[in-house]
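Grab your viewer and a scratchpad. Here are a few short exercises to work through, each with its solution.

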Amino acid sequence: EVLHTSSLLAHLTCYDPGDSSPDPSSIYLLKKAGMEEIPDSVLEEHGLPYIWAQNLAGFDFPEALSDEHRSTQVDENVCISKVDNIVLSVRNRLESRLSLQRQVSHLEKAKVTNIELNIPEEFKDKFPARISSRIRNWGAVDFEQYSSLEVAKHLQDIIDKTDFIYRLQIDRDPAKLIALIAIKPDYPRTHPIFCLNLHWNGEHNINNSEHIRALEREINLGLNNIFDENELVSHRTEILSLQIQKLLSGFDVMLEAWNATQDTDHLEFPREKTFLQPVRSVVLNPFYRANSLQ
């Protein structure tokens with residue numbers, strides 16, 4: 001899916017799905033022909049008119065016909081000024097998509113066997129040595145299904161049909177965590193976006209649980225808490241696996257800390273990690289970090 005030709009080179013240098021003409025005059029030509037958009041059959045036969053492809057051909061179309069500063073004429077200087085960046089972007093895209101495909105293919109094996117994520121050796125000490133949560137399932141989800149889910153409503157404005165969307169299931173019996181993961185076409189420039197839903201003594205998500213809100217925020221925004229910028233840049237194509245590994249360890253810590261605050265003599269999740277004494281506070285977010293030596 002992530003290597004499909006229809007999306008491989010989309011959004012290469014800007015928002016650019018390639019399904020419409022970058023020439024604003026095309027709007028009037030299409031309307032004159034009784035059409036609102038370029039037919040799929042035409043795109044399949046002639047290819048996608050990406051903006052970067054027009055730039056390589058020497059075109060720098062204006063965003064509107066009233067834009068007098070940009071010409072619709074072929075200009076070799078347009079190509080000369082942009083070709084280096086475009087070639088570099090294509091190379092980076094191929095590298096990142098190949099890495100993403102390897103990660104997705106590995107995660108798909110969770111349907112039939114236990115898997116361990118391929119974490120770079122120099123990063124293994126960033127995570128607890130023992131992680132009890134396990135990946136149990138991984139599969140694709142279509143955009144229509146995702147957009148209809150109440151649990152994902154808070155992300156509707158930033159997820160669209162061009163994203164790759166997956167469903168990840170993580171188990172630590174008797175708890176089950178479902179993570180809906182949206183991966184933008186420009187991955188890893190934009191990190192995958194996680195939406196979490198916990199099934200344990202009821203259903204818990206961002207709408208009703210401060211614990212899930214804290215964990216979801218940490219996975220989506222908190223990689224910089226354990227990696228410095230240079231580390232993330234050097235392993236940028238492995239961001240998905242790093243986020244999932246962080247989710248596995250964070251899920252462990254959350255369950256152990258949450259369970260410890262409950263008034264019960266029976267602990268379903270024995271404390272295996274070293275972390276600060278849990279407190280009931282949405283501000284302090286006590287649940288997602290652990291001593292990596294444990």
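The exercises below deal with a predicted model, going from the whole chain to one helix and then to the core.

**Exercise 1.** Work out how many helices and strands the chain has, and in what pattern they follow.

*Solution.* Start with the count: the chain has 9 helices and 5 strands. Next, walk along the sequence, and you get α-α-α-α-α-β-α-β-β-β-β-α-α-α. Then look at the contacts: among those between residues at least 6 apart in sequence, 64% join residues at least 24 apart.

**Exercise 2.** Check whether the end-to-end distance of helix α5 agrees or disagrees with 1.5 Å a residue.

*Solution.* α5 covers residues 76–108, which makes 33 residues. The expected span is 1.5 Å times one less than that number, so α5 should span 48 Å. Its end C-alpha atoms sit 46 Å apart, which agrees. While you're there, find the bend of about 45° at Lys82. At the N-terminal end, Asp75 acts as the cap, with a side-chain oxygen 2.9 Å from the backbone nitrogen of Asn77.

**Exercise 3.** Find the largest nonpolar core and say which helix gives it the largest share.

*Solution.* First, burial: 46% of the 294 residues count as buried, where the cut-off is under 20% relative accessible area. In α5, the buried residues include Val78, Ile86, Leu100 and Leu107. Now the core: the largest one has 44 residues, and Leu240, Ile244 and Leu247 have the most contacts inside it. Elements supplying at least two residues each include α5, β1, β2 and α7. The largest share, 10 residues, comes from α9.

Key. Residues are numbered from 1 along each chain as its sequence is written. This is a predicted model: local features need pLDDT of at least 70, side-chain atom pairs count only at pLDDT 80 or more; totals for chains, interfaces and linings use all residues. Side-chain values use heavy atoms; hydrogens and water are left out. Helices (H or I, at least four residues) and strands (E, at least two) are DSSP runs, numbered from the N terminus. The bend at a residue is the angle between axes fitted to the seven residues ending there and the seven starting there. Buried means under 20% relative accessible area, exposed over 50%, partly exposed in between (1.4 Å probe, protein chains only). A polar contact is a pair of N or O atoms within 3.5 Å; within protein, one must be able to donate a hydrogen and the other to accept it, and residues adjacent in sequence count only if both atoms are side-chain atoms. Contact means heavy atoms within 4.5 Å. A nonpolar core is a set of buried Ala, Val, Leu, Ile, Met, Phe, Trp, Tyr and Cys residues joined through side-chain atoms within 4.5 Å.
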